[in-house]
Amino acid sequence: MNIENTLKQKVAEALQTLFGLQDQPITLQSTLKDFEGSHTLLVFPYTKPLQRKPEEIAQAIGDYLVANAGIVTKYNVVKGFLNLSLSEEAWLASFQMMRKNPAFGTFPDKRKKVMVEFSSPNTNKPLHLGHLRNNFLGWSVAQILSACGYEVIKANLINDRGIHICKSMLAYQKFGKGETPSSSGLKGDHLVGKYYVEFDKLYKAQIKELEAQGMGKEEAEKKAPAIEEAQKMLLAWEKGDKEVVALWKKMNDWVYGGFAETYQKIGVSFDKIYYESNTYKLGKNIVQEGLKKGVFYQKPDGAVCIDLTADGLDNKVVQRGDGTSVYITQDMGTADLKYQDFHIDKSVYVVGNEQDYHFKVLFNIMKKMGRSYAEGMYHVSYGMVELPNGKMKSREGTVVDADELVDEMIRIAEEKTTELGKMDSLKPEELPHLYQIIALGALKYFLLKVDPKKKMLFNPEESVNFQGDAAPFIQYNHARICSILRKAEQDKISYNLPESYAEYKTLHSSEIDLLSVLLALPTKVQEAGEAYSPSILAQYSYEVAKGYSKFFADCSIFKADTDEARNFRIALSAQTAYTLKFVLKLLGIEVPDKM
RNA sequence: UGCCAUAUAGUUCAAGGGAAGAACGAAGGUUUCCGGAGCCUAAGAUGGGGGUUCGAGUCCCCCUGUGGCAACCA
């Protein structure tokens, strides 16, 4: 039914009829702006078997298509590129098909469950820009997979225990003086983060002092009293020491309060929350199972290992000589736990690329252990967000704080909106929500438009775009269409009846370009799902908005020459609004009706 | 040292082996007309060297730069 498949079929037919060629690759791409036509067939691949010039072959196929394909009206040949123009009927027919499908862009239920784990913060400090990239990616990947037909469970594995938490706790014990979020006016996560930084100051000073006394750097890092105390605290926590556990609970609760506020503000939520304090002991049964199966082996000192050298990896310890867990042990256990809880078919981890190796090892092990879900494990690996002067480091305070950044974005959104005088048509009480939509949209789009696996640069001086290739431009096009649809309704124009524009026979090239972009929606959603890449949809949403802007500038809607043209253009606008809203939703971005 | 990423315009990013594209910035134009956060015009780039191919930014090899990993850390 869709244009592309019809064309491919007809091209195959042409190759068979004209040249007796079968099973040839058929490569269609969209025609470049500089040439006439909408679809371009590459004929280079046929030159070899046919021993003929590409121009000859292209011309022959072109003639055949015009005569036999029905939907092709004319063609032109540039080197080995056969540019095709399609009939108005073909465009209008596919447009009607799209209009009739209220769920255009979504796929049928696959009857498969996938868990997407993302966010996964440590509870010793507030969220920063890097976490935002993670949260936005995870959320978007979950939405995309859902549109692709999966049942999605969004999970958050909170790292609420370990030496880093003890660092904050220790510093609080030493310097906190009973400070609380309410007494200090600080958000809970920020308060705890403050003591994490305090710890680092103390620790660094102690190292320096020890070094001054002639101790080597490495030894000083191990012997500094602060770190020794923190380690002692961790042991006490593991033994269930009442005082330590009480402090841990208190400070974690502060952090959860802070996180909840941030999550709520950035529009992120979860279906299932795991805590490492509950899962960190898991996995030992898998170690035993692996030993029995011969997947693992035990070294003389008792450490359990796996030899992955045959797979291009190394020897990896999965359990310490003293019988305690390492990182990978608990991840094996948690993988099983997730399966037990939900019987998932796929398990996706949104985690930074510094853990690429870890996940290769984990997935490899779970395959060797014969887990049914192992083939469906996938690491959405993303690059770090860097500042102009390099990486962000929490301990050194060179981070872009998530809460501050969001607030700043909201401030800028208000400023720009006021500057443009765009808030006149809105009630004052609607404005804060609008600013929030625009600010978060800009931020999310900025972080999502870049290919996840690439590192990206954030320059606080230049901030985030509100113009050009940016969410506000896309949102603006949605708002502008809503305005048109309101007018259409006011004027009682029933643009949604296909027969009301069926006679429209003079499509403008901007209309065809826009239509062609809109038709690509399902393909783009599928691509984004297969690649776990929201950036594909971010780019697409911009193409749609740009296509609409061009159309809007070139084609008058309410002053169109005929009622058919007018009705078609309103319907085209409505379809564009649907597409923009649909795609941005998959990116976790809201669209306003007015802005 | 090994492994994995990565290198495109002044800057930030695109380009499923197929005609190198945007945006920002800087230059010029555009508002009697449905929303100018817009539209139009022009300038500007594949780190270096080999190879495979009809065709390479894309695949392979070497070199250089950058980031990450290579813990019985997480």
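In this predicted model, helix α10, which covers residues 225-238, has 14 residues and reaches 20 Å from its first C-alpha to its last, close to the 20 Å expected at 1.5 Å a residue, the expected span being 1.5 Å times one less than the number of residues. Helices (H or I, at least four residues) and strands (E, at least two) are DSSP runs, numbered from the N terminus. Local features were required to have pLDDT of at least 70, and side-chain atom pairs were counted only at pLDDT 80 or more, whereas totals for chains, interfaces and linings use all residues. Residues are numbered from 1 along each chain as its sequence is written, and side-chain values use heavy atoms, with hydrogens and water left out.

Within α10, the buried residues (under 20% relative accessible area, 1.4 Å probe, protein chains only) are Ala-226, Ile-227, Ala-230, Met-233, Leu-234, Ala-236 and Trp-237. They are covered by elements including α6 (163-175), α8 (188-212) and α11 (242-266). After α10 comes Gly-240, with a positive phi near 85°.

The largest nonpolar core, a set of buried Ala, Val, Leu, Ile, Met, Phe, Trp, Tyr and Cys residues joined through side-chain atoms within 4.5 Å, has 165 residues, and those with the most contacts inside it are Tyr-46, Ile-61 and Val-116. Leaving aside neighbours within four places in sequence, Tyr-46 is in contact (heavy atoms within 4.5 Å) with residues including Leu-15, Pro-25, Ile-57 and Ile-61. Apart from this core lies another, of 24 residues, among them Leu-313 and Met-332.

An open sheet is formed by 4 strands in the order β1-β2-β4-β3, with antiparallel pairing, where two strands pair if DSSP finds at least two bridges between them.

Technical notes:
Chains lettered and ligands numbered in written order. Buried < 20%, exposed > 50% of the residue type's maximum accessible area, 1.4 Å probe, protein only.
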